[in-house]
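Okay, everyone, thanks for coming. I'll put the structure up and then walk you through a few parts of it.

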Amino acid sequence: MKFLLFFGLLLVSRLSVAQQPVPIATGRQPSLTTDGDGTVHLVFGRPGEIWYSASQQETTFSAPVRVDTLSGLHLGASRGPQIAVSKQTVLITAIDGRGNVWAYCLDRPTGRWTRRIRVTDSPAAAPEGFVALTAAGEPNRFMAVWLDVRGDKQNKIAGAVTSDGGQTWSANRLLYRSPDGSVCECCQPSVAASGTQVAILFRNWLNGCRDMYVLKSTNGGQTFGDTVRLGQGSWPLKACPMDGGSLALLEDGTVETVWRRDNRLFAARPGELEVELGRGKNAQLLSQTGLNLYVWQDEGNIWALRGVGTEPKRLGPGNFAKLTPFGENQALCVWESEGKIVATVL
């Protein structure tokens, strides 16, 4: 199937600004990204299945296409397939029920998906099911980061890179090991890149506390500096909150983050005081035109906040919202709601 013909399939759910959320697919755990031409690429899961759809700005989403059937596909609590894009490739990562990370590559000129390609080079290394993905520089470089238990059955931050759009992957590298044994075992890590800079956000487990930390690289992820704890407060907790926050990496190297402590949400840059946003969990962040857009869930609803100090807006019922740029100074927000993926433009 040619990529250029993909948009000729059945079209669903026209999107426009300031509308009510509309369903765009049946599924769970959406992840999405926008390419340089303004096309939005969406991946989501159904039990044992990975699905993909795309949308041109201000138009519609195409009918979803099944990328693969993956036994035991991890879904729920921010687990699920992830997506990133370069000029040549749309790349998806997902984790099967045994804890293996797989990659799928859509060659954009031909419109063909590859068969699954294994990212982890040790069997069952990622049984918790959390993986993050980012495009990490041109022309076709990506980085995947996940929770890895190899060697001692303790969760660590590990990663791998590909320079050919996901066709081959580097040897897996340990990026961080907690001195106390394990990072937080059920929280999604995040990774973002800008030029040769890469930043990773994760929840640690040190001295009984579940606080957020950042790792940063200035050479495309070849090496990382020391971890930096975010915020001045701390969260002593004997259980995993299953909430890993979100980050953005700006062109000037600034790292913006949003994350949860107890039942409150905070925005912070490394080395600066945190700013409380309000009550909620599973927050996501998009930085645009000097302002940060935040979305999160609270008491069964999705909320949006553009800029610290403004009033949040209720978007509708659901959970696990995600954001991507959509048109000039706009964002597309998608989330789960009663077994559907729904979307609205902010």
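Let me start with a cysteine, Cys333: its relative accessibility is 0%, so it counts as buried. Keep in mind as we go that this is a predicted model. Another cysteine, Cys105, is buried too, at a relative accessible area of 2%. And how many disulfides does a search of the whole structure find? Zero. As a reminder, a disulfide is a covalent bond between the sulfur atoms of two cysteines.

Right, on to a sheet. Four strands make up an open sheet here, and the order is E13-E14-E15-E16, with antiparallel pairing. At the edges you've got strand E13, residues 131-135, and strand E16, residues 173-176, each of which pairs on one side only. On average, neighbouring strands of this sheet are turned by 30° against each other, ignoring direction.

Zoom in on one of those pairs. Strand E15, residues 156-162, is joined to E16 by three bridges, and the two run antiparallel. If you want a spot to look at, find Ile157, which stands opposite Tyr176 in E16.

Hold on to Ile157, since we need it for the packing. In general, for soluble globular proteins, nonpolar side chains tend to be buried together. Here the largest nonpolar core has 23 residues. Which of them touch the most other members? Those are Met143, Ile157, Leu175, Ile200 and Phe202. As for where the core comes from, strand E14 (142-148), E15, E16, E18 and E19 each supply at least two of its residues. There's also a second, separate core of 17 residues, and among its members are Val101, Cys105, Ala158 and Trp169. So the buried cysteine from the start, Cys105, turns up again.

Back to Ile157 for a second. Not counting residues up to four places away in sequence, Ile157 touches quite a list, including Val145, Trp146, Leu147, Leu174, Val183, Ile200 and Phe202.

Now for E18 and E19, which we just met in the core. Strand E18 covers residues 197-203, and it pairs with E19 in the antiparallel sense over six bridges. On the other pairing, E19 goes with strand E20, residues 228-229, again antiparallel, over two bridges. A nice residue to follow is Val214 in E19: its bridge partner in E18 is Leu201, and its bridge partner in E20 is Val228. Is E19 mostly covered or mostly uncovered? Mostly covered: this strand spans residues 212-217, and five of its six residues are buried.

Let's move to the loops. Asn172 sits in the loop between E15 and E16. Asn172 has a relative accessible area of 14%, and since anything under 20% is called buried, it is buried. A polar atom of the Asn172 side chain lies 2.8 Å from the backbone nitrogen of Asp121. Leaving aside neighbours within four places in sequence, Asn172 is in contact with Val119, Thr120, Asp121 and Ser122, among others, and the list also includes Trp146 and Arg150.

Next, two residues that go together. Asn155 is in the loop between E14 and E15, and Ser182 is in the loop between E16 and strand E17, residues 190-194. Asn155 is buried, with a relative accessible area of 5%, and Ser182 is buried as well, at 4%. What links the two? The backbone nitrogen of Asn155 lies 3.4 Å from a polar atom of the Ser182 side chain. Setting aside residues up to four places away in sequence, Asn155 also touches Glu128, Leu147 and Asp148, among others. With the neighbours within four places left out, Ser182 is in contact with Gln154, Asn155, Asn204 and Trp205. For a sense of distance, Asn155 and Gln330 are 175 residues apart in sequence and 37 Å apart in space, going C-alpha to C-alpha.

Last stop, a couple of backbone angles. Lys153 isn't a glycine, yet its phi is positive, about 60°. Lys153 lies in the loop between E14 and E15, and with a relative accessible area of 76% it is exposed. Met242 also has a positive phi, near 55°. You'll find Met242 in the loop between E20 and strand E21 (246-249), and it is partly exposed at 35% relative accessible area.

That's my tour, thanks.

How values were computed:
Residues are numbered from 1 along each chain as its sequence is written. This is a predicted model: local features need pLDDT of at least 70, side-chain atom pairs count only at pLDDT 80 or more; totals for chains, interfaces and linings use all residues. Side-chain values use heavy atoms; hydrogens and water are left out. A disulfide is a pair of cysteine sulfur atoms within 2.5 Å. Buried means under 20% relative accessible area, exposed over 50%, partly exposed in between (1.4 Å probe, protein chains only). Two strands pair if DSSP finds at least two bridges between them. Axes are lines fitted to C-alpha atoms, for helices over the stretch in contact, and angles run from 0 to 180 degrees between N-to-C directions. A nonpolar core is a set of buried Ala, Val, Leu, Ile, Met, Phe, Trp, Tyr and Cys residues joined through side-chain atoms within 4.5 Å. Contact means heavy atoms within 4.5 Å. A polar contact is a pair of N or O atoms within 3.5 Å; within protein, one must be able to donate a hydrogen and the other to accept it, and residues adjacent in sequence count only if both atoms are side-chain atoms.
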